[in-house]
Amino acid sequence: MITSARYTFTAIRLHWLVALLIFAAFPLGLTMSDMALSPLKLQLVSYHKWLGVTIFLLTVARLVWRAKHTPPPLPDAMLAWQRTATHAVHHLLYLLIIAIPLSGWLMSSAKGFQTVYFGVLPLPDLIGKDKALGDILKEVHELLNYGMLGLVIAHVGAALKHHFIDRDGILARMLPFLDKEKSK
Amino acid sequence: MIRLLAILSLLSSSFAYGAELNAMQLDQSTIAFISRQMNVPVEGAFKKFSVQINIDPARPEAGRARIEIDLASIDAGSADANDEVKGKSWFNTREFPKASFVSSAVKALGGGRFEVAGKITIKGKTLETRAPFTLKQEKGVLILDGAFPLKRLDYGIGSGVWSDTLVVADEVLVKFHFVLK
């Protein structure tokens, strides 16, 4: 069974753009939090926050788009538990991609450093400066990120398994050129 | 008769307002600042300072002030920053533990606003500066509130790699709030 129906091009572009930004923001966050204070660190922290705000906004756009455009159906051959797992992972990923920037934003406020998007647009501080709360939110931000890392590994692993082992064409829903290659 | 009334009212006003105030209420007073890091405003403050202000609310122009700040008492917004700014490229508090301000003149700007001129010394460098402030009397205390921009690089605060003003802006807004009786 080959699933040829693909996601809309808008959904595909947004998916890969957000994926790319997450693959930049995640190691950037790890690197900068281990750095001693320096001008470079201040720059990297700002870039990380700008990436986070951008990921959040694009994900809101994705959710709005998805609400109006039904994703292509999963292959009939997929077992019930696989469908359940697929939906669970997708929902959790969306949840985390929304929750992680929010936790970072709150953490910044609690640590007394406002988020100023691209150094131009100040985001309001929803909470005041509070060191203890800032430390807790940092832990939360990190934990959510490691949770997302696990989900991304599952997500990528499943996509590769479907492509190389099941060969059910499911990856072509998100990478249409795979379909074209096949049809050549 | 009118002249007598005028003299009487002058006398009474001088009795009511003619006293010079100089008792600083340090626990209610603050010296704070806002720096900009990557255009993010970051609040900081100095926790230890001594202030001598002699001011007559009826004649603020005759007022004078002498302020000394214990630079190591800085709260620059985070523990990391507090360690960093005591170091050589910032305040170098080991060699220069104190910053000072000595007023030279006060002039009225009108509308309850004044401007103090004086000398600021930081890291061994002394520069003329001016700061506007307001005076407010309430519940038996006199409150001086003011703020002025200070160019950190003029005093060599944050030299070397930190002199990049795109990361940390040159201008720091210094805010003071003094309460005296």
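The exercises below work through the sheet, the interface and selected side chains of a predicted two-chain model.

Residues are numbered from 1 along each chain as its sequence is written, and chains are lettered from A in the order in which they are written. Because the model is predicted, local features need pLDDT of at least 70 and side-chain atom pairs pLDDT 80 or more, while totals for chains, interfaces and linings use all residues; side-chain values use heavy atoms, without hydrogens and water.

**Exercise 1. The sheet of chain B**

Give the strand order of the open sheet in chain B and find the strands at its edges.

*Solution.*
- Strands are DSSP runs of E with at least two residues, and helices are runs of H or I with at least four, numbered from the N terminus. Two strands pair if DSSP finds at least two bridges between them.
- The 10 strands follow the order β3-β4-β6-β7-β8-β9-β10-β1-β2-β5, with antiparallel pairing.
- β3 (49–54) and β5 of chain B each have a single partner strand, so one side of each lacks a neighbour in the sheet.

**Exercise 2. Around β2(B)**

Trace the partners of strand β2 (residues 40–46) of chain B and sort its residues by face.

*Solution.*
- Strand β1 (residues 30–37) of chain B pairs with β2(B) in the antiparallel sense over 7 bridges. Here B:A32 has B:A45 as its bridge partner.
- The hairpin of β1(B) and β2(B) has 2 residues between the strands, and B:M38 takes a positive phi near 55° there.
- β2(B) also pairs with strand β5 (residues 74–75) of chain B, antiparallel, over 2 bridges; the partner of B:A45 in β5(B) is B:D75.
- In a regular strand the side chains alternate between the two faces of the sheet. The covered face of β2(B) holds B:V40, B:V42, B:G44 and B:F46, and the uncovered face B:P41, B:E43 and B:A45.

**Exercise 3. The interface**

Describe the contact between chain B and chain A by residues, area and salt bridges.

*Solution.*
- With contact taken as heavy atoms within 4.5 Å, 15 residues of chain B touch 15 residues of chain A.
- Buried area is the accessible area (1.4 Å probe) that two parts lose on being put together, summed over both. Between chain B and chain A this area is about 1,300 Å², and carbon and sulfur atoms give 67% of it.
- On the chain B side, B:M38, B:V40 and B:W162 lose the most area to chain A, together 38% of what that side buries.
- A salt bridge is a side-chain nitrogen of Lys or Arg within 4 Å of a carboxyl oxygen of Asp or Glu. The rule finds 1 across the interface, and B:D80 and A:K41 meet in a salt bridge at 4.0 Å, N to O.

**Exercise 4. Charged side chains in chain B**

Find the salt-bridge partners of B:E115 and state how accessible each residue is.

*Solution.*
- Buried means under 20% relative accessible area, exposed over 50%, and partly exposed in between (1.4 Å probe, protein chains only).
- B:E115 is buried because its relative accessible area is 16%.
- One partner is B:K107, at 3.8 Å, N to O; at 44%, B:K107 is partly exposed.
- Another is B:R130, whose closest N and O atoms to B:E115 are 3.1 Å apart. This pair joins strand β8 (residues 125–138), which holds B:R130, to strand β7 (residues 113–122), which holds B:E115, 15 residues apart in chain B.
- B:R130 is exposed, at 52%.
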